[in-house]
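Me: Got a minute to go through this one with me? I'd like to start with salt bridges, so remind me how we count them.

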Amino acid sequence: MLRVLFMGTPDFARDSLEAIYNAGHNILAVVTNPDKPKGRGMKMIAPPVKEFAIEHNLKVYQPEKVKGNEEFLQEIKDMNPDLICVVAYGKILPKEILDIPPYGCINVHGSLLPKYRGAAPIQWAVLNGDTITGVTTMYMDIGMDTGDMILKEEVTIGDNETTGELWERLSKIGGKLLVKTIKQIQEKTAPRIPQGDYYTMAPMLSKEMSKIDWSTKTSNEIKNLVRGLNPIMGAYTMYQTKKIKLWKVDISDNDIEGIDKALPGQILIANDKEGLYIKTIDGVIKVLEIQGENAKRMNTCDFLRGNHMEVGEILE
């Protein structure tokens with residue numbers, strides 16, 4: 001088995017680490033981001049990859065930075081890895097690290113490259129309403145997801161699938177694909193497929209994009225925004241100066257009285273029996289899961305039992 005150094009941080013990376021661990025690879029150490037404070041008590045929380053490493057007695061490194069970190073660079077050289085596996089690590093590796101392992105550095109990426117290079121490929125696939133996505137393993141170079149591709153696995157995105165649900169599916173696929181990729185690298189049968197010049201980027205998401213623009217977005221675009229930001233931050237709208245988050249919506253084909261005269265963002269129905277229906281520029285959406293300001297996420301009918309929303313009001 002190859003001597004492997006693993007670098008990754010979130011649960012998406014944990015599944016890949018678990019897959020190569022269960023496959024019996026010699027994992028020299030795990031490199032992950034430092035613990036971060038979280039929650040109201042600002043308790044320090046370890047990344048999922050660190051949790052797995054500790055549970056399985058793997059050595060853990062958590063450098064604040066990797067670029068220009070001569071001490072950490074020397075530690076990797078001293079480990080003498082055959083291969084470095086990087087999965088959602090969160091830091092760009094300098095050439096000095098990429099050049100260390102004789103079998104190279106490989107990455108598990110949550111898209112069908114060259115589509116969606118960058119930090120948020122899974123999120124943007126959902127936000128853009130794509131029906132197909134997948135996972136790609138690739139050799140790393142100094143560019144952002146620009147290296148030669150190795151293996152791909154394609155999946156269909158469900159009509160109502162959220163980023164969280166797709167993330168979970170792709171993380172399991174990514175782990176299996178990484179094991180298969182390492183096997184081919186070890187057997188010297190792994191392909192090298194150049195990406196070519198055409199690509200799209202998937203930049204980090206911003207809080208600004210989470211506000212629903214009722215005046216310009218179609219029903220489908222609003223639905224994609226809601227599921228694309230679930231569970232990361234949620235899409236929101238303003239109702240009487242209060243922030244309301246929408247976590248699940250669907251496009252309605254109900255024939256609602258007064259729809260022809262309604263304005264985008266206007267509440268058409270709001271009661272605990274039928275639910276919440278809102279006019280868009282090209283139709284109507286039904287809100288299935290909602291969160292009031294400083295409250296918990298809940299089924300919309302349950303929410304409307306304790307929160308009155310006025311029919312005719314226009315959401316901002």
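Reply: Sure. A salt bridge here is a side-chain nitrogen of Lys or Arg within 4 Å of a carboxyl oxygen of Asp or Glu. Keep in mind that this is a predicted model.

Me: OK, how many salt bridges does the structure hold?
Reply: There are 14 of them.

Me: And how far apart are the closest N and O atoms of Arg-14 and Glu-51?
Reply: 3.8 Å, and the two form a salt bridge. That pair links distant parts of the chain, with Arg-14 in helix H1 and Glu-51 in helix H2, 37 residues apart.

Me: Is Glu-51 buried or exposed?
Reply: In between: Glu-51 is partly exposed, because its relative accessible area is 35% and the partly exposed class runs between under 20% (buried) and over 50% (exposed).

Me: Which residues are networked with Asp-272?
Reply: Lys-273, Asp-302 and Arg-305 are linked with Asp-272 in a network of salt bridges. Asp-272 and Lys-273 meet at 3.5 Å, N to O. Lys-273 counts as exposed at 71%, while Asp-272 is partly exposed at 24%.

Me: Switching to pockets. What lines the second largest pocket, by class?
Reply: Five nonpolar, two polar and five charged residues. The space in there is about 240 Å³.

Me: Which helix gives the most to that lining?
Reply: H7, with three residues. Helix H5 also supplies at least two. Among the lining residues are Trp-124, Glu-208 and Lys-217.

Me: Last one: what makes up the nonpolar surface patch of about 410 Å²?
Reply: Ile-92, Met-144, Tyr-199 and Met-201. Ile-92 sits in the loop between strand E6 and helix H4, and Ile-92 is exposed at 59%.

How values were computed:
Residues numbered from 1 in each chain as written. Predicted model: local features only at pLDDT ≥ 70, side-chain atom pairs only at ≥ 80, totals over all residues. Heavy atoms only, no water. 1 Å grid on protein atoms, 1.4 Å probe; cavity = no way out; pocket = protein on both sides within 12 Å on 5 of 7 lines; lining within 4 Å. Points joined across faces, edges and corners; volume = space filled by probe spheres on them. Helix = DSSP H or I, 4+ residues; strand = E, 2+ residues; numbered from the N terminus. Nonpolar A, V, L, I, M, F, W, Y, C, P; charged D, E, K, R; others polar. Patch = residues over 30% accessible without salt bridge, like charges linked within 9 Å, V, L, I, M, F, W, Y side chains within 5 Å. Areas by Shrake-Rupley, 256 points an atom, 1.4 Å probe, with all protein chains shown as cover. Buried < 20%, exposed > 50% of the residue type's maximum accessible area, 1.4 Å probe, protein only.
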